[in-house]
2 protein chains.
Amino acid sequence: MTSTESLLSALRQDGFRITPQREMIVAAIADSDGHTTADDVLARVRTKTQALNLATVYRTLELLVGEGLISRADLGEGRIVYATAGHGQHLHLVCRRCGRVIEADPDLLEPMRVQIALQHGFQPDVSHVPIFGLCSDCAPGGSD
Amino acid sequence: MTSTESLLSALRQDGFRITPQREMIVAAIADSDGHTTADDVLARVRTKTQALNLATVYRTLELLVGEGLISRADLGEGRIVYATAGHGQHLHLVCRRCGRVIEADPDLLEPMRVQIALQHGFQPDVSHVPIFGLCSDCAPGGSD
DNA sequence: TTTACTGCAAATAATTTGCAAAACT
DNA sequence: AGTTTTGCAAATTATTTGCAGTAAA
């Protein structure tokens with residue numbers, strides 16, 4: 001079963017209706033390799049049909065996040081990205097200067113996650129963690 | 001020398017003018033225990049005088065961040081907080097559900113920071129790191 | 001048939017910007 | 001005096017919302 005199908009059936013099970021718009025939105029999220037924005041979802045769907053409004057994208061994204069079916073990461077500067085929950089963990093290194101987003105090994109978060117859970121009873125959303133800073137190209141005093 | 005004074009002299013050294021507005025804004029940031037928003041800065045200053053416009057707050061905050069004199073952290077949902085750079089490191093645990101922000105030991109970041117630097121040449125802004133998730137009160141299946 | 005969902009357009013809200021007046025150096 | 005900075009108000013951008021029509025179940 002594709003991830004699109006499982007997301008849709010989860011929605012249906014929770015009593016929500018499956019509309020063409022929702023199908024297309026979910027497919028667009030699943031298609032993206034795991035990082036989409038509201039705008040991007042609209043653009044992807046619009047390559048196929050005009051039958052989708054941005055407001056609907058927002059509403060559907062909100063619905064999916066609320067149902068825990070997709071995760072949401074705030075990369076700063078209004079950049080909010082979504083990914084299917086089954087897509088695995090992400091550690092995004094977001095460059096404050098050039099805006100570049102680098103993927104790092106999410107296992108690096110494990111020790112910290114465990115300690116935070118132990119010390120504060122806080123459950124970090126390790127599925128999608130943004131870390132801000134400067135990439136090698138933008139860092140001052142770098143070796144380049 | 002207070003941190004307010006050092007920030008102002010740094011500004012002056014870089015060729016910027018010291019205005020009453022900038023003095024008040026810098027003092028407000030230093031006064032706050034290290035976490036302020038643009039709105040909060042305006043409110044703090046407004047308790048003393050009306051001679052300050054929100055646009056000026058934004059411009060000054062941007063200036064200070066650009067000069068590296070204060071750090072800026074995006075806590076999501078439009079919550080952007082500022083802190084004086086000399087205020088030490090912060091690890092914010094931001095609850096996605098209730099919005100609570102818990103302070104954690106920034107040393108927890110060290111191992112990850114080192115690995116990220118080694119593996120990607122990326123320099124995380126460890127002065128102010130937000131981690132999103134669910135606090136003990138909001139986490140499902142918690143022990144409460 | 002019933003009620004949820006969608007599209008449209010207007011409403012929000014936070015931040016940014018142009019420009020003339022005011023003020024730092 | 002000369003240039004930067006400020007205040008004001010309008011512009012911008014992303015997101016949200018009301019409402020009436022459309023469609024899933």
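## Two protein chains on two DNA strands

In this predicted model, a phosphate oxygen of DNA strand D is 2.7 Å from an N or O atom in the side chain of Arg22(B), a polar contact in the sense of a pair of N or O atoms within 3.5 Å. The model is predicted, so that local features need pLDDT of at least 70 and side-chain atom pairs count only at pLDDT 80 or more, while totals for chains, interfaces and linings use all residues. Residues are numbered from 1 along each chain as its sequence is written, chains are lettered from A and ligands numbered from 1 in the order in which they are written, and side-chain values use heavy atoms, with hydrogens and water left out.

The backbone of chain B also reaches DNA strand D: a polar backbone atom of Asn53(B) is 3.0 Å from a phosphate oxygen, and a backbone N or O atom of Leu52(B) lies 3.3 Å from a phosphate oxygen. The elements that give two or more residues to the surface near this strand are helix 4 (54–66) of chain A together with helix 2 (20–31) and helix 4 (54–66) of chain B; helices here are DSSP runs of H or I with at least four residues, strands are runs of E with at least two, and both are numbered from the N terminus. In total, 18 residues surround DNA strand D, the closest being Tyr58(A), Arg17(B), Arg22(B), Thr56(B) and Arg59(B), where a residue is near if one of its heavy atoms lies within 4 Å. Sugar and phosphate account for 70% of the atoms of DNA strand D that come within 4 Å of the protein.

Around DNA strand C there are 19 residues, of which Thr19(A), Arg22(A), Thr56(A), Arg59(A) and Tyr58(B) come nearest, and sugar and phosphate make up 71% of the atoms of that strand within 4 Å of the protein. A side-chain N or O atom of Thr19(A) is 2.9 Å from a phosphate oxygen of DNA strand C, whereas Arg17(B) places a polar side-chain atom 2.9 Å from a base oxygen of DNA strand C. Arg59(B) likewise has a polar side-chain atom 3.5 Å from a base oxygen of DNA strand C.

The residue classes of these two surfaces are set out below.

| Surface | Nonpolar | Polar | Charged |
|---|---|---|---|
| near DNA strand D | 8 residues | 4 residues | 6 residues |
| near DNA strand C | 7 residues | 6 residues | 6 residues |

In this division, Ala, Val, Leu, Ile, Met, Phe, Trp, Tyr, Cys and Pro count as nonpolar, Asp, Glu, Lys and Arg as charged, and the others, Gly among them, as polar.

As for the protein chains themselves, a rotation of 180 degrees with 0.0 Å of shift along its axis superposes chain A on chain B with an RMSD of 0.1 Å, by least squares on the C-alpha atoms of residues with pLDDT of at least 70 in both. That is the relation of a two-fold axis. Among the residues of chain A, Gly76(A) comes closest to the rotation axis, at 3.5 Å for its C-alpha. Because 100% of the interface residues of chain A are also interface residues in chain B, the copies meet through the same surface, contact meaning heavy atoms within 4.5 Å.

How values were computed
Polar contact = N/O pair within 3.5 Å; in protein donor to acceptor, adjacent residues only side chain to side chain.
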